[in-house]
Amino acid sequence: MRFPVLSPQEAASLFHNGDNVGLSGFTAPGAPKVVPTAIAEMAERLHAEGKEFKINIFSGASTSDRCDGVLARANAIGMRTPYQNLPDLRKRINAHDCHYFDLHLSELAQKFRYGFYGELDFAIIEVSDIKDDGTVVVGMGVGNVPTYAKYAKKIIIELNEKLHHALFGLHDIYLPLDPPNRDVIPIFHPNDRIGSPVLKLDPDKIVGVVMSDSFDGVKAFSNPDEVTNKIGANVCDFLIGEMRAGRIPSSFLPIQSGVGNVANAVLYGLADAKEIPPFAMYTEVIQDAVIDLMKKGRCKFGSTSSLTVSNEVEQDVIDNIEFFKEKVVIRPVEISNNPEVIRRLGVIAMNTALEADIFGNVNSTHVTGTRMMNGIGGSGDFARNAYISIFSCPSITKEGKISNIVPMVSHMDHSEHSVDIIVTDQGIADLRGKDPIQRAKEIINNCAHPMYRELLTDYLNMGGPTGGQTPHTLRASLAFHTEFLQSGDMRNVDLSKY
Ligand code: 0RQ
């Protein structure tokens, strides 16, 4: 190999305090496996000597404990964007040890290219193969790597031997032009390929190759519980009803689903519904369930930015790679989540809320309006541009001490204008074509837990007939949340005090 092979420690020693670093991958797949740990160890040593050391991290989405986890524990992240999902980093963000800014995943690469966030000192890129001319086949997740590779002053490669040089043909690497020269992104079907299976790096920027040898380490699913199963069944019933009513074509439409057990339950439910034909996915993450459905012929194709699958399934994909190259394409996130393409294909978007309010606004990111959970991820990319935008959540959390249906969301990520359907374990609220009061009644009656329906109805009635089109009572609108913060149980709220 033309490039020097470095140990993780040798690679880490090249980084300086304040460096801007772009990471390959999307969720754990494709994220670097060994260099960030060596950087974290170096940071701890420097901190012990009283020296400052933090790097600024641009990723594709969440990463893994081997990136965000180790670096957060070492307090070595100065700035972080976009999505993250690990408790150690969340603590740093909420304590302001780390400056975090959140944005729609499809937007980061283009805003980086527009020059909004400064220069990139390094990109650390996981690959399954590299040629002497700098051509690489990337790992199981792409994220923003085409942009980071192009703009980084220096590149460190992690060559993952576990991937057996097997992934050629799985990716579709495409970098759009930017305004004022932007052109059509010519994806007309989920399986259209418009770019290259490889990424061409500038070999002069590659400062070294570090070897790694492990799968992505995505956890397998826990067994879905009763609530999750009910939500999944309600979403399926809704979609089947839409198809019967002719509002979804009988050939069906591509599906986007978020991560987690609800998405799993929905996908299995759709796959089991005999009248639904084999469907395609145009989504940002493909989980274990989809791989299973591909093998059963129920999912015919998946466009994604990552194969977010457990180690066992990752091995299965590699063992049957030729089959999966026909069924999967892994794209940069600005393409997998591209508003133009999502709108064109008519994607059905299914995302998760922390809480929704009675008028149809959704909070996906901030617990009680203040504490950052994970970030907006790709939910906004899909929800705003979807054919039908569905949000789901349990009706209650923490044994009923929290109602996930509230008078007013404590933070808003998705406004009433991006939310067509809300689904909980209680049922389905169809908000399409309804005014705020009609929406409120639908959500309270169909989605709120019975133990909260009266309280929510009382709140709605406080606005009275002259309360305006959206009859909030501002002094009481966050009473559920303030009650939870004071007594630990929203059920104690006394609206007569307001
Ligand atoms: O807390 O961990 O202490 O038990 O929040 O809640 O029910 O386990 O939900 O893991 O599916 O995550 C919205 C965060 C849901 C996620 C969110 C507490 C609850 C629990 C987690 P514990 P659950 P999930 C695809 C698309 C935004 C990005 C997105 C997310 C914890 O789905 O990050 O959609 N979405 N991306 O107890 C206080 C409430 C609460 C609450 C739940 N109302 N108030 N706490 N909790 N509701 C992915 C990508 O973009 C890559």
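What does the protein average in pLDDT, and what share of the residues score at least 70?

## Confidence

This is a predicted model. The protein's pLDDT averages 96, and 100% of the residues reach at least 70. On the global scores, the model comes in at ipTM 0.96 and pTM 0.97.

## Two domains

The domain assignment splits the protein into domain 1 (8-212) and domain 2 (226-286 + 347-496). Their C-alpha centres sit 33 Å apart.

Where they meet, 15 residues of domain 1 are in contact with 16 residues of domain 2. On the domain 1 side, helix H4 (residues 87-94) supplies the largest share, three residues. By class, that side of domain 1 breaks down into seven nonpolar, six polar and two charged residues.

## Around the ligand

So where does the ligand lie relative to domain 1 and domain 2? Both domains give residues to the shell around the ligand, so it lies between them.

That shell holds 26 residues, and the closest are Gly258, Thr352, Asn374, Gly377 and Ser379. If you're thinking about chemistry, the shell has 12 polar residues, 11 nonpolar ones and three charged ones.

## Helix H15

Over in helix H15 (residues 436-446), the buried residues are Pro436, Arg439, Ala440, Ile443 and Ile444. Look down the axis of H15 and these buried residues fall within an arc of 125 degrees, so they line one face of the helix.

What covers them? The cover over the buried residues of H15 includes three strands, E23 (405-406), E24 (421-423) and E25 (428-430), along with helix H16 (450-463).

Technical notes:
Residues are numbered from 1 along each chain as its sequence is written. This is a predicted model: local features need pLDDT of at least 70, side-chain atom pairs count only at pLDDT 80 or more; totals for chains, interfaces and linings use all residues. A residue is near a molecule or strand if its C-beta atom, placed from the backbone, lies within 6 Å of it. Ala, Val, Leu, Ile, Met, Phe, Trp, Tyr, Cys and Pro count as nonpolar, Asp, Glu, Lys and Arg as charged, and the others, Gly among them, as polar. Domain bounds come from an automatic or database domain assignment. pLDDT is the predictor's confidence in each residue, from 0 to 100. A residue is buried if 20 or more other C-beta atoms lie within 10 Å of its own, exposed if 12 or fewer, and partly exposed in between; C-beta atoms are placed from the backbone. Helices (H or I, at least four residues) and strands (E, at least two) are DSSP runs, numbered from the N terminus. The arc is that of the directions from the helix axis to the C-beta atoms. Two residues are in contact if their C-beta atoms, placed from the backbone, lie within 7 Å.
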